[in-house]
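Student: Hi! Could you walk me through this protein chain before class?
Tutor: Happy to, let's open it up.

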Amino acid sequence: MEITLATYNIHACIGTDGHFDPFRIVDVIREMDADIIALQEVEHHMVNDIDLLDFLAQQTGMIGIAGPTMFRESRHYGNAVLSKFPLTSHELIDLSLEPHEPRGAIQLRLEIEQHQLVIMTTHFGLKPKERQFQVEKLLSRLAEHEVDTAVLMGDLNEWFLWGRTLRRLKAYFDTTPSKKSFPSFFPVFALDRIWVHPRKHLLSLSVHRTTLAKKASDHLPVVAKILF
């Protein structure tokens, strides 16, 4: 079976023109037509009198899972997932390292045609020490599971191809193509990543580079097709 995954830092729905426009994000999500999408920087804004994540889920017909890292006036700020598939279970993992900004991950478990799939979605910290701590914690969690396919995706905030974070990920997931996704108007950095284990299950990896995507957020979405 083939399914499509995506990771997308939506920058709180503030586009490169400085305007808050969640309808553009909805349209980009529809363009991708992915089965499971990891979202980062999901803000607490209300849209049409409902929470932003609920709005995105409603508009796309997908299931929304919140992974808050900072609590403000409303439900959450942080990570989220949209899924076309029902989830067997999900869990929030705290990846915070004081005194830095709170960080976290969402761990999803799915069974698709008797195939066991674990997906971890995250947004790593800005400092190398944070990212080293965060990647080790997630890899240790993945080692606890016996599944057919494991996926890690999100905004890893790793600017350097030779950084320790990427070296550790390569050791577990094998070498995976890096796709430049930031900044969206002229991408030069591969901050947004999708890693798949076993590596043979990764069929393709690409950047969703449309006119709308270049404007809707400061990151472009990264899309993967996996086959099992």
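Tutor: Below we talk through the chain as a whole, then some of its parts.

Student: What should I know before reading any values?
Tutor: This is a predicted model, where local features need pLDDT of at least 70 and side-chain atom pairs count only at pLDDT 80 or more, while totals for chains, interfaces and linings use all residues. Residues are numbered from 1 along each chain as its sequence is written, and side-chain values use heavy atoms, with hydrogens and water left out.

Student: Cool. How many helices and strands does the chain have?
Tutor: There are five helices and 13 strands. Both are DSSP runs, numbered from the N terminus: helices are H or I with at least four residues, strands are E with at least two.

Student: And how big a box do the C-alpha atoms fill?
Tutor: Roughly 40 × 40 × 35 Å, taken along the principal axes. The radius of gyration is 16 Å, which agrees with a compact globule of 228 residues, where a value near 17 Å would be expected. That radius is taken over C-alpha atoms, and the globule rule is 2.2 Å times the number of residues to the power 0.38.

Student: What percentage of the residues is buried?
Tutor: Buried residues make up 54% of the 228. Buried means under 20% relative accessible area, exposed over 50%, and partly exposed in between, with a 1.4 Å probe and protein chains only.

Student: Let's switch to strands. What does β1 pair with?
Tutor: β1 (residues 2-9) has seven of its eight residues buried. Strand β13 (residues 222-227) pairs with β1 in the antiparallel sense over six bridges, and I3 has I226 as its bridge partner there. Strand β2 (residues 36-42) runs parallel to β1, joined by five bridges, with I36 as the bridge partner of L5. Two strands pair if DSSP finds at least two bridges between them.

Student: What sits between β1 and β2?
Tutor: Helix α1 (residues 22-32) joins β1 and β2 in a right-handed β-α-β unit. Right-handed means that, with the strands pointing away from the viewer, the path from the first strand over the helix to the second runs clockwise.

Student: Where is A34?
Tutor: A34 is in the loop between α1 and β2. A34 counts as buried because its relative accessibility is 1%. Leaving aside neighbours within four places in sequence, A34 is in contact (heavy atoms within 4.5 Å) with T4, L5, A6, M62 and K84. The C-alpha atoms of A34 and I3 are 7.7 Å apart, although 31 residues separate the two along the chain.

Student: New topic: which strands form the open sheet?
Tutor: Five strands do, in the order β7-β8-β9-β10-β11, with mixed pairing. The edge strands, each pairing on one side only, are β7 (89-94) and β11 (192-197). In the middle of that order, β8 (residues 104-112) and β9 (residues 115-123) run antiparallel, joined by eight bridges.

Student: Which residues of α4 are buried?
Tutor: T165, L166, L169 and F173. They cover an arc of only 90° around the axis, which puts them on the same side of α4. The arc is that of the directions from the helix axis to the C-beta atoms.

Student: And what does that buried set pack against?
Tutor: The buried residues of α4 pack against α3 (128-142), β10 and β11. Just after α4, D174 takes a positive phi of about 80°.
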